[in-house]
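Open the model in your viewer and keep the selection tool ready. We will go stop by stop.

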Amino acid sequence: MTVHPGKKATNQIWFSRILQSVDVIVGLRYSIERDGLEYKRDFQNFRPVDNTSAPAYLYFDRQTSTIPDDRGDAFKIYDGLLVVSQKLRDVLSSFDLGQTKLIEVPICLSDAKTVSSYPPHYILHVAETKECFVPEASEKVERQVWWGETEPRPDAPWIADPSSDVLAVRSSAAVGVDLWADPTLKERIFLSDRLKHAIDQAGVTQKGLEPVPATILD
């Protein structure tokens, strides 16, 4: 097995910690017709949904809330949902996303009725998975321990350090869709090399998104 730490090549794979970040949260709530908790679980577990099952719109939690300029292209809202701008949506939609959805949501004021001056944004609902993560070759990762228990279960998902994890993945994951998650690893999304560089070239504000090179295993 050949290891290429942070290898930068056409088959490089990148990951983002944005789903775990606390620095990119914007004070927006969402309105949804279905059970909001059920949708949150679908989102967190990378399960496919149709547009009618997703939030219909977002609204600010208070009158003074805004979307800061430095996180305007990718941020989280309440319940950890990931929201992206039109600019980032245009980049993403030109790549192979498979079942992943970009769900348009208007942004309303705190009365949850009046549409704000912000343009519509998009919930990025990742619904493609590849079992590519190699925990024994990664750093600062551990099995999740369920509340009330002292040891992780054998099938427990992996969790990573919020800011300094080093993730190893199989090079075969570069084949197929350009954005995905690993079902065995929480709060990480992966990007192909071509998608990462397209995001760079588009001038997207990347605070929180900030792709990190993975260690590639042949």
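Start by selecting β6 (82–84) and β9 (121–125). Two bridges pair β6 with β9, and the sense is antiparallel. Click Val83: opposite it, in β9, stands Ile123. This is a predicted model.

Now add β7 (101–105) to the selection. β7 and β9 run antiparallel, joined by five bridges. Pick Lys101 and look across to β9, where His125 stands opposite.

Stay on β9. Are its faces covered or uncovered? Both are covered. His121, Ile123 and His125 lie buried on one side. Tyr122 and Leu124 lie buried on the other. Five of the five residues of β9 are buried, so the strand is largely enclosed by the rest of the structure.

Next, select helix α1, residues 36–44. Which of its residues are buried? They are Tyr39, Asp42 and Phe43. Turn the view to look down the axis of α1: these buried residues fall within an arc of 100 degrees, so they line one face of the helix. What do they pack against? Show the strands again: the buried residues of α1 pack against β6, β7 and β9.

Step just past the end of α1 to Phe46. Its phi is positive, at about 60 degrees. Keep Phe46 highlighted, as it returns at a pocket below.

Move on to strand β4, residues 57–60. Here one face is covered, with Leu58 and Phe60. The other, with Tyr57 and Tyr59, is uncovered. Add strand β3, residues 28–31. β3 and β4 pair over four bridges in the antiparallel sense. Tyr30 has Leu58 of β4 as its bridge partner. Then add strand β8, residues 107–108. β8 pairs with β4 in the parallel sense, over two bridges. Leu58 appears again: its bridge partner in β8 is Ile107.

Now switch on a surface and look for open space. The largest pocket holds about 380 Å³. It is lined by 16 residues, and the closest to its centre are Gln44, Asn45, Phe46, Lys186 and Glu187. The lining has seven nonpolar, five polar and four charged residues.

Finish at the second largest pocket, with about 200 Å³ of space. Select some of its lining residues, including Arg17, Asp23, Pro162, Lys207 and Val212. Five residues of this lining are nonpolar, three polar and four charged.

Terms used. Residues numbered from 1 in each chain as written. Predicted model: local features only at pLDDT ≥ 70, side-chain atom pairs only at ≥ 80, totals over all residues. Heavy atoms only, no water. Buried < 20%, exposed > 50% of the residue type's maximum accessible area, 1.4 Å probe, protein only. Arc of directions from axis to C-beta. Contact = heavy atoms within 4.5 Å. Pairing = 2+ DSSP bridges. 1 Å grid on protein atoms, 1.4 Å probe; cavity = no way out; pocket = protein on both sides within 12 Å on 5 of 7 lines; lining within 4 Å. Points joined across faces, edges and corners; volume = space filled by probe spheres on them. Nonpolar A, V, L, I, M, F, W, Y, C, P; charged D, E, K, R; others polar.
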